Every structure is written in structure tokens, then in C-alpha cells.
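Q: Please take a close look at how the secondary-structure elements of this model are arranged and packed. I should like one connected account, with the cut-off behind each term.

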Amino acid sequence: MNIIQLIINGISLGSVYVLISLGFTLIFSVLKFSNFSHGGVMVVSAYFGYIIARQFGFGLIPTLILTAIFGGILSSLVEVIGFERLRRNNGDIMLYFVASSTLGTMLQNIMAVTFSSTYYSYPTFFKKPYFELFGGTFTIPVSDTIMLGVSTTLIIILMYIIYKTRLGVSIRALSMDSQTAKLMGINVSVVVFMCFFISGVLGAISGVFLGINYVLYPQLGQMVFKGFTASIIGGLGNISGALFGGLLLGLSEVLLIYFVGSGYSTAIIFILTIVFLIFRPQGITGKIVSEKV
Amino acid sequence: MIKTKGRAIIGMTLAAVLALSGCSGTTGQTTGGSTENESKTQAAGGVDVIIVGGINDLSGDGSVLGNAVSNGAQLAVDEINAAGGILGKQLVYKAYDNRNDGTETINAYNRLTDIDKAVAIIGPPSSTICMSLIEVSSERKVPVLCLPSDPNVTVNAKTGEPYPGMFLVAQPNAIAQAQLMSDFMLMNKNKTKAAIFYDTANSYSTISAQAFEEAWTQIGGEVVSVQTFQTNDNDFKTQLSKIKQSDAEFIFLPNTTPYCVLIVQQAAQIGLELPYVGAMDMANPFLSLLDNPSICKEAYFEAVAWMQDENLDHFREQYKAKFGEEATVKSTSGYEQVYVLKAAIEANQSAEPEQIINALENKIKDLDLLTIKGYTQNGETHAPDNMEMVICEIHDGVLTELGSYKPTLFD
């Protein structure tokens, strides 16, 4: 197969992982824990998007917008229920991890009980599912192209928020030191709430695209582990790392499946993740910074 | 601080318990129908009942098929009870959810045999899961009537002896299925080059792929591409792109229904338009799970029954009235399994598990069932003998029947 087609496939797959890891990375950068409830938010939002697209016949853009708002609200609720008290009482980091895993599992199981494990297909939003370049030499799925475009746009918007807005300054201050940020007058609760809202928006959009690309079922939220892997590769807590990590993970998977087979690709990706954790724990784009007293 | 930590821990534990209780349990779980039956029996003061167990995936990845089998079995039990039961006793169907997990399956089997005193089990449609019951059913000798396509589930590959407790009922095994489809594609569709795309982590998928490759090459066909994936993989575009670049004239997809849906959808996304050849899992609800069924332009698969047959009208009506959904082929399989069990109990006039095993091995011959005429259970293979199948075609998203078919190129 043409290597360029493989790269196209890899970037398409990677764009899914970028979206997932963005929401994941944002929470890690602020609260320093891996928020596995992100998977639960993704899958609940995906079901919400499915329902409104089916029941009301909305097109892709309205579905994405409404689902994004829903995901933001859901994620904020998750923060209030699962993490706010821990944060106020300086809870141990392990408790955050337990809370996030439990909430993620609970949300997925609520979907399983409500909708059963039957697979559902999102409505077809595109008249033609793919387009061809150079007389059919390259085939590019339409959904993947749109997903890549949306991922890129969201990253730009997120970078703008982080680096050009007061909220972004607050987020960066909080990610450095929450105590000092509080002392400097930053309302930590509001900033954390907004981070979860933004993370929920990102999770919801990734959930809708996962539902479009694949099928909708309760265990779809386990794709959050791909986002986690992408974050490790790119650099936990680093927004640009989420982009590079997601694309690199997608490319690696496609190339490994093509040259080695799907059976070994998962194992090799796992080994690569361990290697990153051992030899470059800060990821590709992260930096190890010594804290000065 | 300690109080707050304690509250946090209690809160997390409660949340974990809530999460786990959201899952279907394997203990003490019965279907609504079986609870009703139990109540009726108790209300009548009758304590002499025959317990028929059910172990199926009712909430996991395979619940589409698992629920169909279990519901079909429940319907058969209700019918038999309405007609007076078996040997003057009412049947009680106790269904447990194995969530497509081997450990849960064994736990359910142990509970059904030790506590519920089931005389037989209507087992799972998954070969991988059925394998987890081989050892325990051989020890306890409570027969499992199940639907594994893998012949290694019913017969020990090393010794050639059947496992005492395992029976493939109401469906041919993977080898028979593969021979039928390869014969049909060569003789009727004049295809000679096949691609195979299967799940290496699924016993049914693996054995079906191997059986098809052997059968296809035996009759002169060529396998030009073999691609694999693993259970829980979601993206198949790389493998499908490789198939697109090969000379394949059709793709053999021996995968469970959800994966057939994923593969067909993603093939459409990359412009792959080859015909598909499925085993039995392209029967409904496959088409209903596709948002746009017309993306499946050409497909052929085999089924034990054609659901639109007028002989099944009453069955379909009863099923829809009771369960609120359309009956599928797997529903008829669960239904037939209970009637085969009934025949076995009546043959030896005994509901003792070992007597049932004896009857299944020796006395189920030329039995006329709802969808299968002249059904015979082979005592040496614990599988049906020479079962005819129906070939179905999907053309531009429309399902039609091509009639019964038996292979001609195989002995």
C-alpha cells in the first residue's frame, strides 16, 4: 500500500486520539491527576448526541454544538459531585484517581442499563462517505477529515484561551501552584469548574465523532485509555503534547497494524508507553523543571 | 481531616457499589418471565418442577445474540407449560447473565447446578465462552445445549471423544458452515479469489476463518489476503485498505454481528465495495444496526431459518407480544434448543441430567422442529447431522432468501 495512504489513515486515526487526550490533558495540567471519568462523559455525551440527531433530525453542526454544551455541563457536575470536596479538603491524589475511575465506570454502566449493550449507528451526516484524490490513488474518509479539522480548530481555540485570556492566565497559575494562585486572589473553584466544563466540551465532541466513526455502545468510553496513552507520549499536562501524542499514536498504530499485524501492535504500543515513562516521563514536548524553594 | 477522609472513602465505596450494582449480576438473577413462571407454580402449590437453566450474555458485548437466545428459550418454556409441561411437570427457566465472561459463566453454571438444581442449561452462543464450561460440565454431567461453531467445544481434538456435557444443538458447526458458503460462492457466484478478515481473539471467528480457508482451497479457490484484528479493536481501515489493494473478489467475514457492522461501515468510508460473505452473524439485527443499510451492496450468508417464512408467523407474533422486539434467527435457536431438550426428556421419560445426556446422544433422530425438519443429533460429535441451511442475500441493503442449500463439492 502507498505509504502516503498509510500516513493519511494514521493522521485520521490520530485526530480521534487528539480530541480525547485534549480534555484529559487539560484536567491533568490543573489538578495533576488522570481523570478517567472523562471516558464516562464521552460516552454519555455520545448517547445524547445520538438521541438528538435521531429524534430531531439535527445535522452535524447543531448536534456537535448541543452535545458540546451538554458535555460541558455534565463534566462540571462530575467535578462538583466527585472532586470538589476532595479539592477543598486537600484530598490525597489517590482519592482523585479512585473517584474518577468509579465515576467513569458508573456513567458507562448507567448507559449499559439504560440502552443495553446493543450497538447503535449515528445517522449518516455526509452524502458521500469518502472522497478520492489523484484519480482514486488516495481515499480519504469525510468524517476523518472533518474530525481533523475540528481537532485543529479546537486546539487553536484552546491555546488562545490558555495564552491570551485571563481565564488562561488563571489556569496556568493554578497548574503551577494552586495555593499561591488562591492567595493571589484567583477563585480556584471557578477556574477548576471552567476547566472541567471545557474538558467536557472536548469530551463530548470526541464522543460524537467516535459514535460517527465507529458505532455507539457503552464501552466506547474505554477509548479514554488511548487518550491517556497519547498524553503520556506527548507529555502529561501539555496541550501541544496532546496534539503530537495523539497523531503519533495514530500513525504508530496504523503502521504497526500494516507491517506487523494487529495482534502485535497493541503489545508494541504498550511497550513504547512503558519506555516513554521510564526514559522520557515528560513526554515529547514536556520539560522537567526543577522547583526552587 | 480524618473525618473528611473517612467520609470521602465511604463516599467512594458507595459510588463503587452503585457502579457495580448497575451491572447485571450473575447471582440470583432471573428473567422476568421465569419469575412469573415460578410464581405461577408456587401459587398452584406445585413444588415438582423441572428447572432449565440459561447462561447467556444479557448485558455485555454479545447481548444482542444472548438476549435473543434466552428470550427464544423462555418462549418455548411458556408454550410447553401452557400445553401441560413435560412428564406432568412445569418447567421453570432460570436465566443468568454471564456478561460474555468465562468466569461469570462458570459461576452461573455452578449456581444453576448446585443451588437451583437445573437439569440442563441452555448455553451461550459464543464458542469462546462455551469452552469455559467444558471441564465443569464434564465433572457435573449437567448437559449444556449451546451454539458454538467451534467443533472443539463438543469434541476433544486430541482424543476425538465428545465432551460428556457439551452439545451443539440446532446449528451446524463452523466446518459445515464454511463448506456450505465456499461451495455456494464457487458454484453459484463463480468467484475464485477470497479475502478473509477475522478476529484472532475470538474462538468462533478463528475456527470459522480456518475452516473456510481449508474448504475454499480444497475446492480450488484462492485466498489472496488474510487480515486480522482483535476483540475491542475499533479501527479497521488499515486492514480494509490492504484488502482493497488485493485481487480479492469477496471478503469472508466470520465475525460477530457488531464487528460485521463496524467493518461494513468502515469499508464504505474508504470506498471498498466488494461483496461480503458471512457465516450466520449477518442475519438480523445486522441490517438494522447499520444507519444506512444500502452501504451493504452485496452480501451472502447462511441461516438456520428464513424469518419471513409464513410458518414462523405465529412464532414472530408471540415473540413480539412477549418481548416487544422482533424475533431473530438466534431467537429460533434458543426456542429449538428447549424443544430438543423436551424430546430428550420424553425419550427416556426422565429429567435426570445423565438420562438427558443419554437421550441426546442416542435418541434424537428425525425430529421435526419449528424451523428444522428431520433433526438428528449425532452421538459421536454431539452436533447435528447433515443440517440444511438457508442462503440469504443482501442486495443494496435489502434482505432476500435464495432457498435451502447443501454443498455438493464435499463428501
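A: **From a hairpin to a sheet and its surroundings**

In chain A, strand β1 (residues 130–133) pairs with strand β2 (residues 138–141) in the antiparallel sense over four bridges; two strands pair if DSSP finds at least two bridges between them. Helices (H or I, at least four residues) and strands (E, at least two) are DSSP runs, numbered from the N terminus. This is a predicted model, in which local features need pLDDT of at least 70 and side-chain atom pairs count only at pLDDT 80 or more, whereas totals for chains, interfaces and linings use all residues. Residues are numbered from 1 along each chain as its sequence is written, and chains are lettered from A and ligands numbered from 1 in the order in which they are written.

Within the pairing of chain A, L133(A) stands opposite F138(A) in β2(A). Four residues lie between the strands of the hairpin of β1(A) and β2(A), where F134(A) takes a positive phi near 55°.

Chain B holds an open sheet of seven strands with mixed pairing, in the order β7-β6-β8-β9-β10-β13-β14. Its edge strands, each paired on one side only, are β7 (222–229) and β14 (398–405) of chain B. From one strand to the next, the twist averages 20°; axes are lines fitted to C-alpha atoms, for helices over the stretch in contact, and angles run from 0 to 180 degrees between N-to-C directions. Inside this sheet, strand β8 (residues 250–253) of chain B runs parallel to strand β9 (residues 276–278) of chain B, and three bridges join them. L253(B) stands opposite G278(B) in β9(B).

Helix α7 (residues 174–189) of chain B packs on the sheet and touches β8, β9, β10 (298–303), β13 (389–395) and β14 of chain B, with its direction at about 140° to that of β10(B). A contact requires C-beta atoms, placed from the backbone, that lie within 7 Å.

A further partner of α7(B) is helix α8 (residues 203–218) of chain B: the two pack at an angle of about 45°, with their axes 8 Å apart. Among the residues that make this contact are A174(B), I175(B) and M181(B) of α7(B) and Y204(B), F212(B) and W216(B) of α8(B). By class, the contact of α7(B) with α8(B) has ten nonpolar, four polar and no charged residues. Ala, Val, Leu, Ile, Met, Phe, Trp, Tyr, Cys and Pro count as nonpolar, Asp, Glu, Lys and Arg as charged, and the others, Gly among them, as polar.

On a wider scale, chain B is divided into domain 1 (32–171 + 311–380) and domain 2 (174–303 + 390–405), with bounds from an automatic or database domain assignment. The centres of domain 1 and domain 2 of chain B, taken over C-alpha atoms, are 29 Å apart. Their contact takes 14 residues from domain 1 of chain B and 17 residues from domain 2 of chain B. On the domain 1 side, α3 and α5 (127–131) of chain B each supply at least two residues, and α5(B) gives the most, with three residues. That side of domain 1 of chain B has six nonpolar, six polar and two charged residues.

There remains the contact between the chains, which takes 38 residues from chain B and 42 residues from chain A. Elements of chain B that each supply at least two residues of its side are α1 (2–21), α3 (63–82), β7, α9 (237–245) and α10 (257–269). The largest share of this side, seven residues, comes from α1(B). By class, the side of chain B that touches chain A has 16 nonpolar, 16 polar and six charged residues.

Methods: Contact = placed C-beta atoms within 7 Å.
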